[in-house]
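Please work through the exercises below with the sequence and the coordinates open side by side. Each one sets a task and is followed by a solution in steps.

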Amino acid sequence: MEPSHQIQSLFDYVPGISFFVKDEQSRLVSVSQSIVDRFGFEHEDEVIGRDDYDFFPAHIADSFVRDDQQVIRTGEPMIDRVEIWYTEQRLLDWFVTTKLPVYGKQGTVIGIMGVIRSYEGHRKTALPYSQISDVVEHIRDNHRGRITVAELAHRANLSTRQLHRKFMDVFGMSVQDFLMKTRMQAACDELIHTHTSIVDIANKLGFCDQSAFTQQFRKHIGVTPSRFRRQHRLS
C-alpha cells in the first residue's frame, strides 16, 4: 500500500471527518470511505474521476468548485470554510471544510486535498467557547423571518461589534454574511422545490421587498431568482 493510501485509510477510523483529493479540474482522485458511503456507493473506484456536479445540485456544486479553483489558482489554503446546503430530508445543515493545495514535483499546484467535518462536531469544539452557540441555533431555526443583528447580539449578551468578531473567529465571516448565506440557500430550495412566487419568498425570508431580495440573490448566486428557477426547476 502506498504511503498516501495508508494516510487516507486513517480517516476511516476518525468519526465525523471525511477526506478527499481532487485534481486541477476538481475531479475526485481519492476519497475516504465515509464519502463513498454518503454518495451511495460501495467502492472508491465508483467515485473516482467524477466531480461535485454528479452528486449535488448545480448551484451547490458551483460553490464547491469555485472554492477549489481559488485554492488551485492562489496556492492559499482555505481553512474552516462553513458551507450550507440541504440534506435529503430538505433540512438546512452546515459542515466545515478545509482545503489545501497539492503540489507536484515541479512545485506547481496540481490539485487540492481537504477534510470535511460536520457542523455539529465543529460546534462542540468551537461554539461553546465563542458565546454564539445560541445565536447560530436561532439563525438555523428562524432564518425565514426577520432577524436583526441587534437582536442576535442581545441574545448573546454581546455588543454588535463583539458579535461580529466572534463570528469572524469561528466561521471566517460576519454574522450578517452568515445570516444572508443561510437565507440564500433557503431561497434556492424554495425556488427549486416549490411554486411559491418570488415576492412571497422574499417576504418569507425577511426582505423588505422583491427588489432587495433579487439584488442579494444575484450578488450571492450570480443570477436573478427567476433565471435560477428556470435553470434548476425540478420537473
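The exercises concern a predicted model and go from the whole chain to its core, its salt bridges and one residue of a strand.

**Exercise 1.** Describe the protein chain as a whole in terms of its helices and strands, its buried residues and its accessible surface.

*Solution.* Begin with the secondary structure, where the protein chain shows eleven helices and five strands. Turn next to burial: of the 235 residues, 44% are buried. The accessible surface comes to about 12800 Å², and carbon and sulfur atoms hold 51% of that area. Finally, among contacts with a separation of 6 or more, 48% are between residues 24 or more positions apart.

**Exercise 2.** Find which elements supply the largest nonpolar core, each with at least two residues, and which of them gives the most.

*Solution.* The largest nonpolar core has 20 residues, and those with the most contacts inside it include Ile132, Leu163 and Phe178. At least two residues each come from strand 4 (92-103), helix 5 (133-142), helix 6 (149-156), helix 7 (160-171) and helix 8 (175-193). Helix 7 gives the most, namely four residues. Both domain 1 (3-118) and domain 2 (130-233) contribute at least three residues to this core. As general background, nonpolar side chains in soluble globular proteins tend to be buried together.

**Exercise 3.** Trace the salt bridges of lysine 22 to aspartate 52 and aspartate 68, and decide whether lysine 22 is buried or exposed.

*Solution.* Lysine 22 pairs with aspartate 52, their closest N and O atoms being 2.7 Å apart. This pair links strand 1 (residues 17-23), which holds lysine 22, to the loop between helix 2 (33-38) and helix 3 (58-74), which holds aspartate 52, across 30 residues. Lysine 22 also meets aspartate 68 in a salt bridge, at 2.8 Å from N to O, and here the partner lies in helix 3, 46 residues away in sequence. Since buried means under 20% relative accessible area, lysine 22 is buried because its value is 6%, and aspartate 52, at 7%, is buried as well. Through shared partners, salt bridges join Lys22, Asp52, Asp68 and Lys99 into one network.

**Exercise 4.** Locate valine 102 and list what valine 102 touches beyond four places in sequence.

*Solution.* Valine 102 is placed in strand 4. With residues up to four places away left out, valine 102 touches Thr108, Val109, Ile110, Gly111, Ile112 and Met113. From C-alpha to C-alpha, valine 102 is 9.5 Å from glutamate 24, although 78 residues separate the two in sequence.

Conventions:
Residues numbered from 1 in each chain as written. Predicted model: local features only at pLDDT ≥ 70, side-chain atom pairs only at ≥ 80, totals over all residues. Heavy atoms only, no water. Buried < 20%, exposed > 50% of the residue type's maximum accessible area, 1.4 Å probe, protein only. Contact = heavy atoms within 4.5 Å. Areas by Shrake-Rupley, 256 points an atom, 1.4 Å probe, with all protein chains shown as cover. Core = buried A, V, L, I, M, F, W, Y, C linked by side-chain atoms within 4.5 Å. Domains from an automatic or database assignment. Salt bridge = Lys/Arg side-chain N within 4 Å of Asp/Glu carboxyl O.
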